[in-house]
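Colleague: Could you zoom in on one part of this model for me and walk outward from there? I'd like the cut-offs as you go.

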Amino acid sequence: MSEKRKYTLPDLPYGYDALAPAISEAQLRIHHDKHHAAYVNGANAILERLEKAREAGTDLDMKATLKELSFQAGGHLLHSLFWGNLAPAAKSGAPASALAEALKGEFGSIERFKKEFSAAAATAEGSGWAALAWCWMTKRPLIMQIEKHNVNVYPMFRILMVLDVWEHAYYLDYKNERPRFVEAFWSIVNWDEVNRRFEAATK
Ligand code: MN
């Protein structure tokens with residue numbers, strides 16, 4: 001695709017076995033190497049299709065093409081955020097004071113925030129995500145429940161933390177028991193990274 005920039009699959013910032021037992025090596029390997037890679041390749045293929053059509057002067061079904069690009073690129077971006085906000089349990093940490101205050105101010109307590117976030121993750125219909133985001137207009141944190149990779153996403157809201165609840169994220173480890181995966185997620189949150197994203201979003 002000429003010299004134009006393409007999406008690339010990022011390496012994980014830890015070993016494939018680093019998140020066990022919350023996420024097993026086999027589960028993490030297939031999720032990153034196969035599923036995430038497929039979104040990277042899918043997004044690049046659409047960019048290439050657009051480029052070729054422009055060079056040839058041919059028409060594309062813009063509605064279908066852009067819908068597909070939103071899905072594939074959304075999948076790539078969300079997975080990239082997801083790997084970054086996970087860490088081995090021993091390095092999980094805690095919300096720093098500014099983030100903790102923002103969460104308490106909005107939800108009443110950290111426990112209440114976790115409860116609402118877990119419920120959003122558990123009840124996402126079909127394939128989707130729970131996300132903690134920062135609304136730059138109201139200066140308030142809020143939870144998004146993203147369907148697929150691209151539905152219910154708020155324009156320009158800064159995403160601080162995501163949890164993938166597609167079946168491909170947990171089925172090897174938890175079968176159909178998504179709530180058990182959601183519970184395990186809390187043991188491997190990289191709070192240092194969530195804190196950094198919060199600082200960047202609010203400065
Ligand atoms: Mn996934």
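What spacing do the donor residues of the manganese ion have in sequence?

Modeller: They're spaced H-x47-H-x84-D-x3-H. Ground rules before we dig in: this is a predicted model, where local features need pLDDT of at least 70, side-chain atom pairs count only at pLDDT 80 or more, and totals for chains, interfaces and linings use all residues. Numbering starts from 1 along each chain as its sequence is written, and side-chain values use heavy atoms, with hydrogens and water left out.

The protein donors are His 31 (NE2), His 79 (NE2), Asp 164 (OD) and His 168 (NE2), at 1.9 to 2.1 Å from the manganese ion. Donors here means N, O and S atoms within 2.8 Å of the metal (3.2 Å for Na, K and Ca); water is not among the atoms, so sites may look incomplete. His 79 sits in helix 2 (residues 62–84) and Asp 164 in strand 3 (residues 158–164), so this pair ties together parts that are 85 residues apart in sequence. Helices (H or I, at least four residues) and strands (E, at least two) are DSSP runs, numbered from the N terminus. Both His 79 and Asp 164 are buried, that is, under 20% relative accessible area, while exposed is over 50% and partly exposed in between (1.4 Å probe, protein chains only).

Now follow strand 3. It belongs to an open sheet of three strands, order 2-1-3, with antiparallel pairing; a pair takes at least two DSSP bridges between the strands. Strand 2 (140–147) and strand 3 are at the edges with a single partner strand each, so one side of each is left without a neighbour in the sheet. For strand 3, six bridges make the join to strand 1 (residues 128–135), and Val 162 is the bridge partner of Ala 131.

Next door to Asp 164 in strand 3, Leu 163 touches residues including Phe 82, Phe 117, Trp 129, Phe 181 and Phe 185, leaving aside those up to four places away in sequence. Contact is heavy atoms within 4.5 Å.

Two of those partners, Phe 181 and Phe 185, are among the buried residues of helix 6 (residues 178–185). Down the axis of helix 6, its buried residues fall within an arc of 160°, so they line one face; the arc is that of the directions from the helix axis to the C-beta atoms. They pack against helix 2, helix 4 (110–123), strand 3 and helix 5 (171–174), whereas Pro 179 and Glu 183 are exposed on the other side.
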